[in-house]
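Please examine the sequence and the coordinates together before reading on. The explanation below proceeds from the overall fold to individual residues.

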Amino acid sequence: MDFTRGPDRIDLDVRWRSGTSGRRRTGEPPIQIHAVDPHTFILRQSKTVSFEAPFMYLLFGNDRALLLDTGATTDPARFPLRDTVDRIVDDWLHAHPRSAYELVVAHSHAHRDHVAGDPQFGGRADTTLVATDLHAVSSFFRFPSWPDAPTTFDLG
């Protein structure tokens, strides 16, 4: 795929759910998914699972996908992030077959509401979970001189 042109069309017209009352908590899914384009997904944790309702971003490239943040809840029964991400990745790979494909899980920052779901990705095949400490992030993303110089991360 040629990603150099950018997307043909993006969809940012989404109404994020604001939670439901205590009696109707089962009516709202734990994760809301919005496809911005065929290769960019925004996920939001439901306020019925965590009052912080953090956003997560799943970006696809030719060689790998990048998941930024893992939400505020560890328990996959309450917050099935890995299952949700696996389903999106499987659907994407069905439409764009690859013999090998990596998932990189990284973070915008290390607050608990952005890293709690990390354990769900432990042991997942073809997955790199980037630790949140400065050395791990700088090494993985190959920052030449943090914080003075930016870097790029090629998804292919």
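The following paragraphs treat the chain as a whole, then its nonpolar cores, and then selected residues.

The model is a predicted one. The protein chain contains 3 helices and 6 strands, and their order along the sequence is β-β-β-β-α-β-α-β-α. What radius of gyration does the protein chain have, and does it agree or disagree with that of a compact globule? For 156 residues, a compact globule would be expected to have a radius of gyration near 15 Å; the protein chain has 16 Å, and the two therefore agree. The C-alpha trace extends over about 50 × 35 × 30 Å along its principal axes.

Burial, contacts and surface complete this general view. Of the 156 residues, 39% count as buried. Among contacts with a separation of 6 or more, 55% are made by residues 24 or more positions apart. The accessible surface of the protein chain amounts to about 9,200 Å², and carbon and sulfur atoms contribute 52% of that area. As for charge, the chain carries 17 positive and 21 negative side chains, with the centres of the two sets 9 Å apart.

The interior may be approached through the largest nonpolar core. This core comprises 19 residues, of which Leu43, Leu58, Phe60, Leu67, Leu81, Val85 and Leu103 touch the most other members. Two or more residues each come from strand 2 (40–45), strand 3 (55–60), strand 4 (64–68), helix 1 (81–95) and strand 5 (102–106). Helix 1 makes the greatest contribution to this core, giving 5 residues.

Which residues does Val85 contact once its neighbours within four places in sequence are left aside? Val85 is then in contact with Leu58, Leu67, Leu103 and Phe121. Apart from the largest core lies another, made up of 6 residues, including Ala106, Val130, Phe141 and Leu155.

Phe141 also leads to helix 3. In this helix, which covers residues 134–141, Ala136, Ser138 and Phe141 are buried. Strand 5 is included in what covers the buried residues of helix 3.

The backbone after helix 3 deserves separate attention. Arg142 follows helix 3 and has a positive phi near 55 degrees, although Arg142 is not a glycine. Is Arg142 buried or exposed? Its relative accessibility is 68%, and Arg142 therefore counts as exposed. The segment after helix 3 also holds Pro147. The peptide bond from Trp146 to Pro147 is cis, and its omega is near -5 degrees.

A positive phi also occurs at Asp69, where the value is about 80 degrees although this residue is not a glycine. Asp69 belongs to the loop between strand 4 and helix 1. With a relative accessibility of 2%, Asp69 falls under the 20% limit and therefore counts as buried. Asp69 is thus buried, whereas Arg142 is exposed.

Helix 2 provides a further buried position. Val115 lies in this helix, which covers residues 112–115. At 18% relative accessibility, Val115 counts as buried because burial requires a value under 20%. Leaving aside neighbours within four places in sequence, the residues in contact with Val115 are Thr70, Gly71, His107, His109, Ala110 and Thr132. Val115 and Arg98 are 17 residues apart in sequence, and 28 Å separates their C-alpha atoms in space.

Two exposed residues conclude the account. Ala100 is placed in the loop between helix 1 and strand 5. Its relative accessibility is 55%, and Ala100 therefore counts as exposed. How far apart in space are the C-alpha atoms of Ala100 and Asp63? The distance is 7.9 Å, with their positions 37 residues apart in sequence as the separation.

Asp8 is located in the segment before strand 1 (31–37). With a relative accessible area of 66%, Asp8 is exposed. Asp8 and Asp118 are 110 residues apart along the chain, and their C-alpha atoms are separated by 33 Å.

Definitions and conventions
Residues numbered from 1 in each chain as written. Predicted model: local features only at pLDDT ≥ 70, side-chain atom pairs only at ≥ 80, totals over all residues. Heavy atoms only, no water. Helix = DSSP H or I, 4+ residues; strand = E, 2+ residues; numbered from the N terminus. Rg over C-alpha atoms; globule rule 2.2 N^0.38 Å. Buried < 20%, exposed > 50% of the residue type's maximum accessible area, 1.4 Å probe, protein only. Contact = heavy atoms within 4.5 Å. Areas by Shrake-Rupley, 256 points an atom, 1.4 Å probe, with all protein chains shown as cover. Lys, Arg positive; Asp, Glu negative; His and termini not counted. Charge placed at Lys NZ, Arg CZ, Asp CG, Glu CD. Core = buried A, V, L, I, M, F, W, Y, C linked by side-chain atoms within 4.5 Å.
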